[in-house]
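Let's take a walk through this protein together, with an eye for its empty spaces and for the molecule it holds. Have the sequence and the 3D view open as you read.

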Amino acid sequence: MAIATGLTFAIQSLFHARAPLIFYSIAVILSASTGGMISGLLATGLSVVLTYFLFRDNTLAILLSQSSPALFAVFGIAATLIIEKLHDINAALSRAKAELEATNQKLSERTEALFQANEELQRFAYSLAHDLNTPLRSISALTDLLVQRNKDRIDDSSKECASLIVSTVLRMQRLIKGLLDYATAVEKPDERTIVDCNSVVERAIADMDSVIKLREAQITVEPLPQVRAVESHLIQVFSNLINNGIKYCPMTRIPVIYICAVEEQNEWKFCVKDNGIGLDMKYASDIFGMFKRLHGGEYEGTGIGLALCKVVVQRHSGRIWVESETGKGSSFYFTLPKEAGTPVSASASKMDAAATSEPSRFG
Ligand code: ADP
């Protein structure tokens, strides 16, 4: 207060004997911010008293051309209250920040623990699936050998039993391969590179060349974009969707598959459309679950393919879904985030065509 009084006297001459209350205002603000409300109010009171006795006839409040100690008192109290409020808000903010930091810390510890447990589990599943294959191969080979060595001695029913053993082993091996693929897809989340989806689909198609030839399937692929992805995982996604499109097509019909992508605001939307048996939309989300099968009896399969597609797409921050009608084919859609690269001029009309055209018109 003494300093404020001294400085106010000092600058009085600059303002033609008037006294602006700048230094008292600063003193009030400093008192309120360092000492809180009581201190701010005391400073205001003291300033008013000093102003009244020392500068009664020539005071000029800050920001106002003409003023009085009474107006200064109002200013001082208001400033004190505002600063007090700001103090409270600041304290609440600091408390919230500290709580948030503590929660964040706990969350990242739990995420780390969960990640490690998950990795451990995946390693276990991977080695288990791998180890199970060896005895299965032996069972299959030994059964074949047994039948061959005793082909003159065993009857037809025993031969049938033996072939049932071999086909069951084969099914088991497929299941294990599916699990291995799934474990691998989950295991390597971050080996992403810029991938050209055109060559990804080419690879997927090349890998199932024999099935395509056997069913005389027609596959049409529109120009596809580049995305950031784990290439082998993306190949698995397209393989599963194309393979299903062929598999779930009646033997009396030529499978026709249409693949395209359209550019949306932040992502690419891919579509794999078939002219197969289709499915009831009430099971549309179930089929992406592990071991979930709708057409178990008639068609070979493990129920892992779409679960794998889902985990891969989700790991790449995308979504996957199906639109279908029983008997009228299915369109499987999935999205992947856009990546700066060389996009293709995929247009929305392609997707419209995929959604509305008769499947037989593709190819
Ligand atoms: P799988 O084909 O080995 O049974 P998937 O996980 O690939 O396993 O598919 C799960 C189920 O979804 C299938 O059993 C089938 O009932 C259904 N499904 C998948 N793709 C199609 C399709 N293109 N058309 C009709 N049904 C399909």
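The paragraphs below go from the pocket to the ligand and then to the cavities.

Please keep in mind that this is a predicted model. Rolling a probe the size of a water molecule over the atoms shows where empty space is left, and that is a handy way to begin. The largest pocket has a volume of about 1000 Å³. Among the 37 residues that line this pocket, Asn240, Asn243, Asn244, Lys247 and Gly305 are the closest to its centre, so you can use them as landmarks in the viewer.

Which elements build the lining of the largest pocket, each with at least two residues? They are helix H5 (156–187), helix H6 (197–207), H8, H9 and S9. The most generous contributor is H8, which supplies seven residues. Sorted by class, the lining of the largest pocket comprises 15 polar, 13 nonpolar and nine charged residues.

Now bring the ligand into view: the largest pocket is where the ligand sits. Two or more residues of the shell around the ligand come from each of helix H8 (231–247), helix H9 (305–315) and strand S9 (330–337). There are 19 residues around the ligand, and those that come nearest are Tyr248, Arg293, His295, Thr302 and Leu306. By class, this shell has eight polar residues, seven nonpolar ones and four charged ones.

Zoom in on the oxygen atoms of the ligand next. Histidine 295 places a polar side-chain atom 2.7 Å from a ligand oxygen. The backbone takes part as well: a backbone N or O atom of leucine 294 lies 2.9 Å from an oxygen atom of the ligand, and for glycine 303 a backbone N or O atom is 3.0 Å from a ligand oxygen. How much of the ligand's accessible area does the protein cover? On its own the ligand has 530 Å² of accessible area, and the protein covers 98% of it.

Finally, let's turn to the enclosed spaces. A search of the whole structure turns up two cavities of 30 Å³ or more. The second largest cavity holds about 30 Å³ of space, and its lining consists of Leu241, Gly245, Ile257, Val272, Lys273, Asp274 and Phe332. Here H8 appears again: H8 and strand S7 (267–273) are the elements that give two or more residues to this lining. By class, the second largest cavity is lined by four nonpolar, two charged and one polar residue.

Technical notes:
Residues numbered from 1 in each chain as written. Predicted model: local features only at pLDDT ≥ 70, side-chain atom pairs only at ≥ 80, totals over all residues. Heavy atoms only, no water. Near = heavy atom within 4 Å. Polar contact = N/O pair within 3.5 Å; in protein donor to acceptor, adjacent residues only side chain to side chain. Areas by Shrake-Rupley, 256 points an atom, 1.4 Å probe, with all protein chains shown as cover. 1 Å grid on protein atoms, 1.4 Å probe; cavity = no way out; pocket = protein on both sides within 12 Å on 5 of 7 lines; lining within 4 Å. Sits in = over half its atoms within 2 Å of the grid points. Helix = DSSP H or I, 4+ residues; strand = E, 2+ residues; numbered from the N terminus. Nonpolar A, V, L, I, M, F, W, Y, C, P; charged D, E, K, R; others polar. Points joined across faces, edges and corners; volume = space filled by probe spheres on them.
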